[in-house]
Amino acid sequence: MSLNHVRPWRNIYRRKSRQIMVGDVAVGGDAPIAVQTMTNTLTTDVAATVAQVQAAAEAGADIVRVSVPDEASSKALKEIVRECPVPIVADIHFHYRRGIEAAEAGAACLRINPGNIGDEKRVKEVISAARDHNCSIRIGVNAGSLEKHLLEKYGEPCPEAMVESGLEHIRILQDNDFHEFKISVKASDVFLSAAAYQGIAEATDAPIHLGITEAGGLVSGTIKSSIGLGNLLWMGIGDTIRVSLSADPVEEVKVGYEILKSLGLRHRGVNIISCPSCARQGFDVIKTVEELEQRLEHIKTPMSLSIIGCVVNGPGEALMTDVGFTGGGAGSGMVYLAGKASHKMSNDQMIDHIVEEVEKKAAELDAAAEAAE
């Protein structure tokens, strides 16, 4: 929960959901909202898949999903699970046997699309395998693959059809005394997704996995996901998120974290506050921020950095950040530490100096956190 007693207009009251475990990651309840992504390598290429999972984990992914389309992928999954630092969700489509094999291979969660997987008897076999291997399940309802009877009933994919699909499959799991599940109701249309998620949030206490499916490329998909997921998260809906981009999975993780950071729901790494730059700037703001983003990627400690091109807003922004730099004149600017003007620094040495100050502040914050434990 994000609560601010000084500025109550910043408060977000999260929907109360029950908690499940995906491997060693708690999902739902009062657990932090988990960030997920999915590999796009061939699962049978174990080395490439493990490398991609490790890169995503280094970027902050809590959970990673891996596609399991065939028996060879099921066999590779066992080795992948063994070598990866985060819980692995097995993505299952069409063939229920893949779900059983994935549970046996050590997957922490099975993502099944009930509209694709077959009749209730087959779903029950997957449930049995999940129970036997301490594996949770995500019910993945998708507007593009709704059951035929629901399309006939409603005429087209709509929020009501997606919610009904989700509740039908929740019933199957609950009738089999299986409760370790979360649910998603994704669509590529932001309006349809948002309405479906609001409906399912009211109808069940299951943890909810948020996503705008097939959102698009890095820029367009980021914007679409930020609008859809941001609004739902602001309403308190969502226990895990995945930003679906036609891009490197690491980019999905970065965007997911930035969405959560902007709402005060997760804090990781350096939050850079920077101006868009204009003719008043005392240094090249855009190039400076680009370089700082790259050079500060290794910082995991939550902290803030302001990079402002001139003195119009610079000092005010620096008051609210751990480290700041405001452009001035004669080839130099002012460095701010803990909101206060500290010392001047030349523009040509500014980037190296800011990196040093951020690293120093991160070390101080880490030491204080360890001392408080």
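# Exercises on a predicted model

A187 counts as buried, with a relative accessibility of 1%. The model is predicted.

## Exercise 1: A187 and its surroundings

Task: Locate A187 and list what A187 touches.

Solution.
- Step 1. Place the residue. A187 is in the loop between β8 and α8 (190-203).
- Step 2. Check burial. Buried means under 20% relative accessible area. A187 is at 1% relative accessibility, so A187 is buried.
- Step 3. List the contacts. Leave out residues up to four places away in sequence; A187 then touches A143, M162, L192, S193, I212 and T213.
- Step 4. Take one contact further. A187 and I212 are 25 residues apart in sequence, yet their C-alpha atoms are 5.8 Å apart in space.

## Exercise 2: The open sheet

Task: Give the strand order of the open sheet of eight strands, and name its edge strands.

Solution.
- Step 1. Read the order. It runs β8-β7-β6-β5-β4-β3-β10-β9, and the pairing is parallel.
- Step 2. Find the edges. They are β8 (181-186) and β9 (209-210), each pairing on one side only.
- Step 3. Look at one pairing inside the sheet. β3 (residues 34-38) and β4 (residues 63-67) pair in the parallel sense, over three bridges.
- Step 4. Pick out a facing position. Q36 stands opposite I63 in β4.

## Exercise 3: Annotated binding-site residues

Task: Which residues does the UniProt "binding site" annotation cover, and are C275 and C278 buried, partly exposed or exposed?

Solution.
- Step 1. Read the record. The unreviewed UniProt entry annotates C275, C278, C310 and E317 as "binding site". The same kind of record gives "domain: IspG C-terminal" for residues 271-360 in an unreviewed entry.
- Step 2. Describe that span. Residues 271-360 are 33% helix and 31% strand, and their end C-alpha atoms lie 16 Å apart.
- Step 3. Place the two cysteines. C275 lies in the loop between β11 (270-274) and α11 (285-295). C278 is found in the loop between β11 and α11 as well.
- Step 4. Apply the cut-offs. Partly exposed lies between the limits of under 20% for buried and over 50% for exposed. C275 has a relative accessible area of 22%, so C275 is partly exposed. C278 has 37%, so C278 is partly exposed too.
- Step 5. Add the contacts. Beyond neighbours within four places in sequence, C275 is in contact with V285, I307, I308 and G309.

## Exercise 4: Rings and charges

Task: Describe the one aromatic pair, then find charged groups over rings.

Solution.
- Step 1. Choose the descriptors. An aromatic pair is described by the distance of the ring centres and the angle of the planes.
- Step 2. Apply them. The structure holds one aromatic pair. F283 and F325 form this pair, at 5.3 Å centre to centre with 70° between the planes, and the geometry is edge-to-face.
- Step 3. Place the partners. F283 is in the loop between β11 and α11, F325 is in strand β13 (residues 323-327), and the two are 42 residues apart.
- Step 4. Check burial. F283 and F325 are both buried.
- Step 5. Turn to the arginines. R18 lies over the face of F181, 4.5 Å from the ring centre. The charged end of R268 sits over the ring of Y257, at 5.7 Å from its centre.

## Exercise 5: Helix α3

Task: How many residues of helix α3 (residues 96-105) are buried, and which are they?

Solution.
- Step 1. Count. Eight of the 10 residues are buried, so to speak of α3 as mostly covered is fair.
- Step 2. Name them. The buried residues are Y96, R98, G99, I100, E101, A102, A103 and A105.
- Step 3. Look just past the helix. G106 takes a positive phi of about 105° just after α3.

Technical notes. Residues are numbered from 1 along each chain as its sequence is written. This is a predicted model: local features need pLDDT of at least 70, side-chain atom pairs count only at pLDDT 80 or more; totals for chains, interfaces and linings use all residues. Side-chain values use heavy atoms; hydrogens and water are left out. UniProt positions are given in the numbering used here, feature names are shortened, and annotations may be inferred rather than shown by experiment. Helices (H or I, at least four residues) and strands (E, at least two) are DSSP runs, numbered from the N terminus. Buried means under 20% relative accessible area, exposed over 50%, partly exposed in between (1.4 Å probe, protein chains only). Contact means heavy atoms within 4.5 Å. Rings of Phe, Tyr and Trp (its six-membered ring) pair if their centres lie within 6.5 Å; planes under 30 degrees apart count as stacked, over 60 as edge-to-face and the rest as tilted. A charge sits over a ring if NZ of Lys or CZ of Arg is within 6 Å of the ring centre and within 35 degrees of the ring normal. Two strands pair if DSSP finds at least two bridges between them.
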